[in-house]
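This report walks through a protein model piece by piece, moving from a single residue to the sheet and the helices around it. Please keep the structure in view while reading.

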Amino acid sequence: MVQLHVKRGDESQFLLETTCSISMEDLTQQVTRIYNSRLKVQRICSEMQELAEHGVFLPPNMQGLTDEQIEDLKLKDEWADKCLPSGGSIFKKDEIGRRNGHAPNEKMKEVLKKTIEEAKAQISKKQVQANIYVNMEMVKDALDQLRGAVMIVYPMGLPPHDPIRMEFEDKEDLSGTHAGLEVIEESEAQLWWAAKELKRTNKLSDFVGKNEKTKIIVKIQKKGQGAPSREPVISNEEQKQMMLYYHRKQEELKKLEENDDDSYLNSEWADSHALKRQFHGVKDIKWGPR
């Protein structure tokens, strides 16, 4: 199987196994779906952290308002009594004013947080260092785990305007957000390798040959952004090791220079002409007055 190390810019994303015979159309779609689905998991995990701390999302017309403003405007959260956490709630005010403050109890909060950590680990970028391949089934499994945890803690479900529910139902609106800029539509996705676009009309083998043991780094990006930066000849880690090696060599040379003491050459035993002078009877001649 061909090993793809997928990057966005210079940042590693995940490893993927595929075959040389796959069409670039299918491969581009596959890589893009995994890439976007991993972003979805990360967004849900982020919102579930807030859910565990401050409860469900307030209706859009109540968000960011103070208690006095809500009272003056006679606004009411119709979902507050419908979407209660299992086992009762603990009030913890959301200072940002996005959530209603009725957080799950400690036991239910732990269910959410434990599932969040497991899901994040499953799709983590650290899987690249561990040489673990990621596929769409793994990402779907992470999403199912998160969905199951929310159902356990909120058996009556979440409000339709809660971003977690909207993510699960693929109704999220990311327009105007930083998260929206990270998403790449399948129709706009491009894969690049060695400063060369892997065009969708070709097969992978047209670019890398038919060796199924090939390992390449591919970069995903949007159309119109031009060729991504090429991979450095040596990695950052290799560069660090080289710098460390040369630093050690310099330190060793300094020590050798400091220890290069040739004063012993003035010693009698080091005089190569001492025997000759002794035979000639000119040993221990001293010049000057006695």
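## A loop residue and the overall picture

Ala130 counts as partly exposed, because its relative accessibility is 46%. This residue belongs to the loop between helix 4 (126-129) and helix 5. Although Ala130 and Leu15 are separated by 115 residues in sequence, their C-alpha atoms are 9.9 Å apart in space.

The model is a predicted one, and its secondary structure comes to 10 helices and 7 strands. The protein has 290 residues, of which 36% count as buried. If one takes the contacts with a separation of 6 or more, 69% of them are accounted for by residues 24 or more positions apart.

## The sheet

Strands of a sheet pair through backbone hydrogen bonds, and they may do so in a parallel or an antiparallel way. In this model, 5 strands form an open sheet with the order 2-1-7-5-6, and the pairing is mixed. Its edge strands, each of which pairs on one side only, are strand 2 (11-18) and strand 6 (196-197).

Three of the pairings can be set side by side in a table, each with one pair of residues that face each other across the two strands.

| Strands | Direction | Bridges | A residue pair |
|---|---|---|---|
| Strand 1 and strand 7 | parallel | 5 bridges | His5 and Ile217 |
| Strand 5 and strand 7 | antiparallel | 4 bridges | Gln190 and Gln221 |
| Strand 5 and strand 6 | antiparallel | 2 bridges | Trp192 and Glu197 |

Strand 7 deserves a further word: 6 of its 8 residues are buried, so the rest of the structure largely encloses this strand. Helix 1 (residues 24-54) lies across strand 1 (2-8), strand 2, strand 5 and strand 7 (215-222), and the helix runs at about 135° to strand 2.

## How helix 1 packs against two other helices

Besides lying across strands of the sheet, helix 1 packs with helix 5 (residues 136-153) at an angle of about 20°, and the axes of these two helices are 9 Å apart. An angle under 35 degrees counts as roughly parallel, and therefore helix 1 is described as roughly parallel to helix 5. The crossing of the two is left-handed. On the side of helix 1, the residues that make the contact include Arg33, Ile34, Ser37 and Val41, while those of helix 5 include Met136, Val139, Leu143 and Val150. Sorted by kind, the residues of this contact divide into 12 nonpolar, 1 polar and 3 charged.

Helix 1 also meets helix 3, where the axes come within 10 Å and cross at roughly 165°. Since an angle over 145 degrees counts as roughly antiparallel, helix 1 and helix 3 are therefore roughly antiparallel to each other. This crossing, too, is left-handed. Among the residues that make the contact are Val41, Cys45, Met48 and Ala52 of helix 1, together with Lys109, Leu112, Ile116 and Ala119 of helix 3. The contact of helix 1 with helix 3 divides into 8 nonpolar, 1 polar and 5 charged residues.

Is Lys109, one of the residues in this second contact, buried or exposed? Lys109 lies in helix 3 (residues 106-122) and has a relative accessible area of 11%; because buried means under 20%, Lys109 is buried. If its neighbours within four places in sequence are left aside, Lys109 is in contact with Ala52, Glu53 and Pro104.

## Two residues with a positive phi

Most residues other than glycine have a negative phi. Which values of phi do Asp170 and Ala194 have? For Asp170, a residue other than glycine, phi is positive and near 55°. Asp170 lies in the loop between helix 6 (163-168) and helix 7 (178-182), and it counts as exposed because its relative accessibility is 57%.

Ala194 is not a glycine either, yet its phi is positive, at about 50°. The place of Ala194 is the loop between strand 5 and strand 6, the two strands that run antiparallel and are joined by 2 bridges. With a relative accessible area of 44%, Ala194 is partly exposed.

Key: Residues numbered from 1 in each chain as written. Predicted model: local features only at pLDDT ≥ 70, side-chain atom pairs only at ≥ 80, totals over all residues. Heavy atoms only, no water. Buried < 20%, exposed > 50% of the residue type's maximum accessible area, 1.4 Å probe, protein only. Contact = heavy atoms within 4.5 Å. Pairing = 2+ DSSP bridges. Axes fitted to C-alpha atoms, helices over the stretch in contact; angles between N-to-C directions. Parallel < 35°, antiparallel > 145°, perpendicular 65-115°, else oblique. Left-handed = near helix turned anticlockwise from the far one by under 90°. Nonpolar A, V, L, I, M, F, W, Y, C, P; charged D, E, K, R; others polar.
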